[in-house]
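Q: Please take a close look at one buried residue of this protein, and set what surrounds that residue within the wider picture of the fold.

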Amino acid sequence: HERAAQILLDVAMRNRGVFIKVGQHMASMDYILPDAYVDTMRVLQSNAPLSDIRDVEAVICQELGIRDVEEAFEDFEPKPLGAASLAQVHRAQLKETGEVVAV
């Protein structure tokens, strides 16, 4: 079970998104799954993988219709405040108003 659980964890980490979500759910299924799966998947509940900053910036630019994040933000922290299975949050300061926002 341990080897198969590790393979599933590797697949989840590589594919991200919903695969992380499924792994997190598996970590809470100790009433039905062998301990090897529950214990191996538990890491996904507190250590979701981070997205590459270039990918994050590309999504932001696409959503805002800009070419570079510097067009909208005076400051954009590349290190996320937090990450979850489907998203992560960055601190930024709007260029137009100076307001600090979570992106």
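A: Contact here means that heavy atoms lie within 4.5 Å of each other. With that in mind, and bearing in mind that the model is predicted, the residue to begin with is Thr-40, whose place is in helix α3, spanning residues 35–41. Leaving aside its neighbours within four places in sequence, Thr-40 is in contact with Ala-5, Gln-6 and Leu-9. Of these partners, Ala-5 is 35 residues away from Thr-40 in sequence, yet the two C-alpha atoms are 6.3 Å apart in space. The relative accessible area of Thr-40 is 18%, and because the limit for buried is under 20%, Thr-40 counts as buried. Its side chain also has a polar partner, since it reaches the backbone oxygen of Ala-36 at a distance of 2.6 Å.

Two of the residues that Thr-40 touches, Ala-5 and Leu-9, belong to the largest nonpolar core, a set of nine residues that also takes in Ala-12, Ile-20, Met-26, Ala-27, Tyr-37, Met-41 and Leu-44. Helices α1 (2–15), α2 (18–27) and α3 each supply at least two residues of this core. Within the core, Ala-12 touches Ile-20 and Leu-44, and it touches Phe-19 as well, when residues up to four places away in sequence are not counted. A second core, separate from this one, has eight residues, among them Ile-60, Cys-61, Ile-66 and Val-69. In soluble globular proteins, nonpolar side chains tend to be buried together.

The aromatic side chains offer a further detail, in that the structure holds one aromatic pair. Its members are Phe-73 and Phe-76, whose rings are tilted, with 5.7 Å from centre to centre and 50° between the planes. Both Phe-73 and Phe-76 are buried.

For comparison with Thr-40, another polar residue can be considered, namely Gln-88, which is found in strand β3, made up of residues 88–89. Gln-88 is buried, with a relative accessible area of 13%. A polar atom of the side chain of Gln-88 lies 2.8 Å from the backbone nitrogen of Ser-51, while a polar contact of 3.0 Å joins the side chains of Gln-88 and His-90. Not counting residues up to four places away in sequence, Gln-88 touches Leu-50, Ser-51, Val-56, Pro-80, Gly-82, Ala-83 and Val-103.

These local pictures sit in a protein with five helices and five strands, where the elements run α-α-α-α-α-β-β-β-β-β from the N terminus on. The protein has a radius of gyration of 17 Å, whereas a compact globule of 103 residues would have one near 13 Å. Taken along the principal axes, the C-alpha atoms fill a box of roughly 55 × 20 × 15 Å. Of the 103 residues, 28% count as buried, and the accessible surface comes to about 7000 Å², of which 52% belongs to carbon and sulfur atoms. Among contacts between residues at least 6 apart in sequence, 39% join residues at least 24 apart; the contact of Thr-40 with Ala-5, across 35 residues of sequence, is one example of such a link.

Terms used: Residues are numbered from 1 along each chain as its sequence is written. This is a predicted model: local features need pLDDT of at least 70, side-chain atom pairs count only at pLDDT 80 or more; totals for chains, interfaces and linings use all residues. Side-chain values use heavy atoms; hydrogens and water are left out. Helices (H or I, at least four residues) and strands (E, at least two) are DSSP runs, numbered from the N terminus. Buried means under 20% relative accessible area, exposed over 50%, partly exposed in between (1.4 Å probe, protein chains only). A polar contact is a pair of N or O atoms within 3.5 Å; within protein, one must be able to donate a hydrogen and the other to accept it, and residues adjacent in sequence count only if both atoms are side-chain atoms. A nonpolar core is a set of buried Ala, Val, Leu, Ile, Met, Phe, Trp, Tyr and Cys residues joined through side-chain atoms within 4.5 Å. Rings of Phe, Tyr and Trp (its six-membered ring) pair if their centres lie within 6.5 Å; planes under 30 degrees apart count as stacked, over 60 as edge-to-face and the rest as tilted. The radius of gyration is taken over C-alpha atoms; the globule rule is 2.2 Å times the number of residues to the power 0.38. Accessible areas come from the Shrake-Rupley method with a 1.4 Å probe; for residues, only the protein chains shown count as cover.
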